[in-house]
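Let's take a walk through this one together. Have a look at the chains first, and then we'll go through the contacts and the rings.

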Amino acid sequence: MILGVSIYEILTLTSILFFIGVYGFITRTNLISMLISVELILNSSVVNFVVINKYLFPEVLQGVFFAVFIIAVAAAETALAIAIIINLYRLISSVEVKDTEVMKY
Amino acid sequence: MNISYIILVPLIPLALFVLLGLFSKKIPPSIAGWIGSLGLGTAFVLSLYTAYHYFLGAKLDGVYQTFTYKSTWIIFSDKLHMDMGMLIDPISVMMLVVVTTISFMVHVYSRGYMKGDDGYTRFFSYLALFSFSMLGLVLATNLFQMYIFWELVGASSFLLIGYYYTKPSAVAAAKKAFIVTRFADLGFLIGILVVSYYSGSFDFGELNSLDGNVITNWTATSFMGLSVFTWGLILIFMGGVGKSAMMPFHIWLPDAMEGPTPVSALIHAATMVVAGVYLVARLFPLFYFVEDGFVLSIVAYIGAISSLVAAVIAITQTDIKRVLAFSTMSQIGYMMLALGVSKYEGHEGLGYMASMFHLFTHAMFKALLFLGAGSVIHAIHSNELADMGGLRKYMPITHITFLIAALSIAGFPGFAGFFSKDEILAAAFENNRLIYVSSVIVAGLTAFYMFRLYFGIFWGKDKKYEHTPHESPLTMTIPLIFLAFMSVFGGYIPFSEFISADLKSFTSHLDLPLAVIASTVGIIGICLAYVFYKKENNLSEKATQLFGAFYQWTFHKFYFDEIYLFITKKIIFGILAAAIAWFDKYVVDAFMIGVGNVTMAFSNQIKGIQSGKVQDYAMAFVGGVVVLAMVVFYIWIN
Amino acid sequence: MDILSLFVIVPILTVLALIFAKNLKQARIVSLIGMAIQFAMAINLIFAYIKERAVNTDIMVFTKDVLWFGTFNIHYSIGVDAISVVMIALTAIVVLAGVFISWQIDDLPKEFFVSLITLSAGVFGFFISTDLFTMFVFYEIAVIPMYLLIGIWGSGPKENSAMKLTLMLMGASALLSVGIFGIYFNSNADGGPLTFNIFEIAQVHIPVAAQNIFFPLVFIGFAVIGALFPFHTWSPSGHASAPTAVSMLHAGVLMKLGGYGVFRIAMYLLPLGALSWTNFFLILSAIGVIYGAFGAIMQKDLKYVNAYASVSHLSLVLFALLMLNKTAWTGAIIQSLSHGLLTALFFALIGMVYGRTHTREISKLGGIMKILPFIGAVYVITGLAYLGLPGFSGFVAEMNIFVGAFEHPDMFHRIITIVVVSSIVVTSVYILRMVGKIMMGPLADETYKDLPKATWFEKVGLVLLMIPVLFIGTMPLGLSEMIKASIQPFLERLL
């Protein structure tokens, strides 16, 4: 519990973070930047979990546990994504997303 | 009396057709000729025997009995069914005699005429098919059976006219004959449908019965002012008009001369073309009683007009077969008008008897004329009058028999044609003066053009011939002699004893004043022809110039052919059929292809959704989530 | 194994045997044996049926019912009556004749015969089924191989024609399936369970509103393959591009599935819908008769003439079925049979001429009769039979149709009947035009002098087709009575 700050403000913060992440994912041209945006999305949801746990259900700890879970999964997923990007780079010598539009009509 | 053996008469030609048709390659020509002639000879003897027995033994209380043998062929519905069988009454027995006689003569004649031709056996098989069909038509017990054999006769005619099938003109003539008669048969068929529906039967016995539900009850249903039966009869008569080459369906007959001459003699002179007359005679009670003979008057006028127009055209034609074709049309007009002016009871039915009498005599002398013409054509290899002259020195038998036939058709006293024509004129005189006058004029014209032909072929200066013409072989001249005999003595058969509308005999006598008028007109015609044509002179050219434009019209057969060709080729084929073909390809089909094209265009438009860009997919994903969230929110709030 | 299922099993076995065939010769022999067995079975069925009919008066005989898919109550139920027997006989004859005629196919012959025989399996299955779903399955089995048969072994713009044909027929099947499911979901209108079985549905009183919606769907679904105007345009190009045996089978047999389907399904199960829609479809089919006939006159390609002629004659079948009376229905069935044989004959003959002269253009052919006497003679006879000459089956069929159609006393039916009757004249025009131009007349091309004459196999195929035509034409009583007896229960539903 942070004194003087209600849950709405923190939820607003995480929502802004979420949509910044979405915006970044959709708009960035570099694959790594897209990855960073995905991290932002995931982190915003982590904060959401912790905050809701702390403010609305203070007696239990499921939210915090799940937050740790998400962080772990995010890390694994990032590693996987980097591996894909490295393999892709070997094929097309670029990390721009506009060079990956091959599987279309 | 048991005359069921008559079934053999049509069956023998059928067997001949199957035999000669299936084995046409394997049977040598001369054997085919013998088989055909012997078969038809047997049929001929059988029909004479039948006639002898029937006419001398089948009367019951003065009325000729009708014998029917039939078996069900197809059942249409509870009310209507159709039989195949034989109807034996005076006119069918008479027609049996006529058809088998002429067919037999033609078979014997063809043995000589068609000798050396490639398809000799095929020709005899077609002749047998025709004989079978015509005999089946004559013996029909009901309208539908008659229609069946009517169509078969038409098909045989097609095959025979188109016998020389490598000649385009023959093929065209065969097609024309078939299609024109088919158009007329359309009327026949619709007429049958109408009459059978309203009367509940196809059978001649039931339809013609004086107590049957047609004759007693024709006023019951009417359509546009006339009884439905009247319409049915008019349509049925339309079929007769086509088959008998009456106007306006006559255009196929002159072209049908493309067939070999024995074919013209058999089909287009003596038998098939009289089928229309036979049809009216067969249904005569209906024609007479329904609507008080309204349709019968149509029959009379069409017959009279056809006979007049045909006689006029015949004067100008130069192809001898065409002259004979128009002559046939004119004489059949006589038969039709005789039926048309006839009444029913006893002596009143003189027209009916006269028509049948003329059918009989006409078959004899017209077949003779054609076979004689064939003899001439065989000798000098040309049909045109201009190529002929002075043949009496080279072909005496042909000459004498042709002369006998010409005298008969012109109505010279003592010959068969004189008697039959006189009966017709008497019937016309009693019932319709206008038609009588027209018929007398036609008699004169007949004599004129017939002797124009006679003098043109057998008298005058010799033309240049490829090789000296010689008389035809015996197998061709014997039929000529027999037919000549019939053309003279056939007239002495007391027809009114045997044939009459109400099946009772009556006596008819020679009406002397009318006979004198008719003979005089005929003799005038002969003399005129003598003056114009016996020796070479330019009287005919002067007459041609005198008539000017009218001559041109007549020479071109009043342009009927041109009008029909215009309607069919330009309008129906060129405009209607071509338009439909175009419409089908470019509108209906294009619509279907268009559906496919629209689908493809649509697909092209929306294929951009599959852009390959991950970010587009993510955007769609987010958008979908937002929409779903809004929906859930909305429901949650309410 | 019951007599009817064999009709589906024998083709499947033939196909399996064909997979093991190693070359052209073996493929041909296997197909021939298979189809000959089929033909013998069909003849046997005719006699067995007649014998069975004498003792058994159910609607369908030789029935069998096996549950296939319980959830939706789909059964493999089969049975025959006179009409099915007639159609099965027609199929067997045409397929056998087709095998004889396509003896010369040397390009992927195994696959060709596999497709052809699969198609015939589908057709036989369709004719013996009495369960809606099974019928639909077999119908699709019959229609789909056409794409391969035309697209691979055809001539001319074959892929285009194959595509158009298959897509149009698939579109029709889509409509048909909507209709069938509509019927299915209404089959519990009287409180019973949902069912696909035709006879059970026939006992149910499906509401009129539903019938009026689903009847046109089912009718059009079947009538597209039965060449209803304006959905007939797949037919000219499809037939023209298809190889001979395929044209024979398609025009001779497949197009009859339409009429049969209309009769068995559309009119039997949805009689009230039929009554309200007859006038509309009568106009369309009457247009089809005249339109097809006129369209045939000016065509330049022999197969197109025949295709339009088929459109005309098959529209006559639909016309007769829409007349809703016994005589006309008898005529419709006989016309299906007769036209199947005659059009198969025509396509076989055209194929023979094309195989020798390599052209189907009417203007380039002429005088063939002198060089090919057997083919020429059969061509003329077939032409005369096609235009309805008495003595052949076409006449019997058409007369039944005309007499039956004329029985309706109201003006609309009478006038439309007269319009359709007048097509006999137009038919004679295009038939004689075609026959006169290509068979008769002078020889069009000197090289034709050396054309090979008809081979034994070809003669057998042609005679095989011609014999039933003659038989029905000269002795129609037995066949028409047999058919009438079977039509009776179907007609009672309408009255």
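## Where two chains meet

How many residues does the contact take from chain C and from chain B? Chain C brings 55 residues to it and chain B brings 47. Keep in mind that this is a predicted model.

How much area goes out of reach here? Chain C and chain B bury about 4,700 Å² between them, and 76% of that is on carbon and sulfur atoms.

## Charges and polar contacts

Just one salt bridge turns up across the interface of chain C and chain B. In that salt bridge, the side chains of C:K164 and B:D589 come together at 2.7 Å, N to O. The same interface also holds 14 residue pairs in polar contact, both residues being at pLDDT 80 or more.

On the side of chain C that touches chain B, you'll find 34 nonpolar residues, 14 polar ones and seven charged ones.

## Rings that pair up

Search the whole structure and you get 81 aromatic pairs over all chains. One of them is B:Y288 with B:Y344, a stacked pair with 5.9 Å from centre to centre and 15° between the planes. These two rings link distant parts of the chain: B:Y288 sits in helix α12 (residues 284-289) of chain B, while B:Y344 is in the loop between α14 (320-340) and α15 (350-380), 56 residues apart. With a relative accessible area of 23%, B:Y288 is partly exposed, whereas B:Y344 is buried at 9%.

Now for a pair in chain C. Why does the pair of C:F7 and C:F124 count as tilted? Their ring centres are 5.3 Å apart, and the pair is tilted because the planes stand at 35°, which falls between the cut-offs of 30 degrees for stacked and 60 for edge-to-face. C:F7 lies in helix α1 (residues 6-19) of chain C and C:F124 in helix α4 (residues 109-128), so the pair ties together parts 117 residues apart in sequence. Both C:F7 and C:F124 are buried.

Ring pairs can also chain up into a group. B:F76, B:F144, B:Y147, B:W150, B:F188, B:F202 and C:F395 are linked this way into a cluster.

## A helix and its neighbours

Last stop: helix α18 of chain C, residues 411-421. Which of its residues are buried? They are C:H413, C:R414, C:I416, C:T417, C:V420 and C:V421.

These buried residues of α18(C) pack against α6 (168-199) of chain B. They also pack against four helices of chain C, namely α12 (271-297), α13 (302-322), α17 (393-406) and α19 (423-438).

How values were computed. Residues are numbered from 1 along each chain as its sequence is written. Chains are lettered from A and ligands numbered from 1 in the order in which they are written. This is a predicted model: local features need pLDDT of at least 70, side-chain atom pairs count only at pLDDT 80 or more; totals for chains, interfaces and linings use all residues. Side-chain values use heavy atoms; hydrogens and water are left out. Contact means heavy atoms within 4.5 Å. Buried area is the accessible area (1.4 Å probe) that two parts lose on being put together, summed over both. A salt bridge is a side-chain nitrogen of Lys or Arg within 4 Å of a carboxyl oxygen of Asp or Glu. A polar contact is a pair of N or O atoms within 3.5 Å; within protein, one must be able to donate a hydrogen and the other to accept it, and residues adjacent in sequence count only if both atoms are side-chain atoms. Ala, Val, Leu, Ile, Met, Phe, Trp, Tyr, Cys and Pro count as nonpolar, Asp, Glu, Lys and Arg as charged, and the others, Gly among them, as polar. Rings of Phe, Tyr and Trp (its six-membered ring) pair if their centres lie within 6.5 Å; planes under 30 degrees apart count as stacked, over 60 as edge-to-face and the rest as tilted. Buried means under 20% relative accessible area, exposed over 50%, partly exposed in between (1.4 Å probe, protein chains only).
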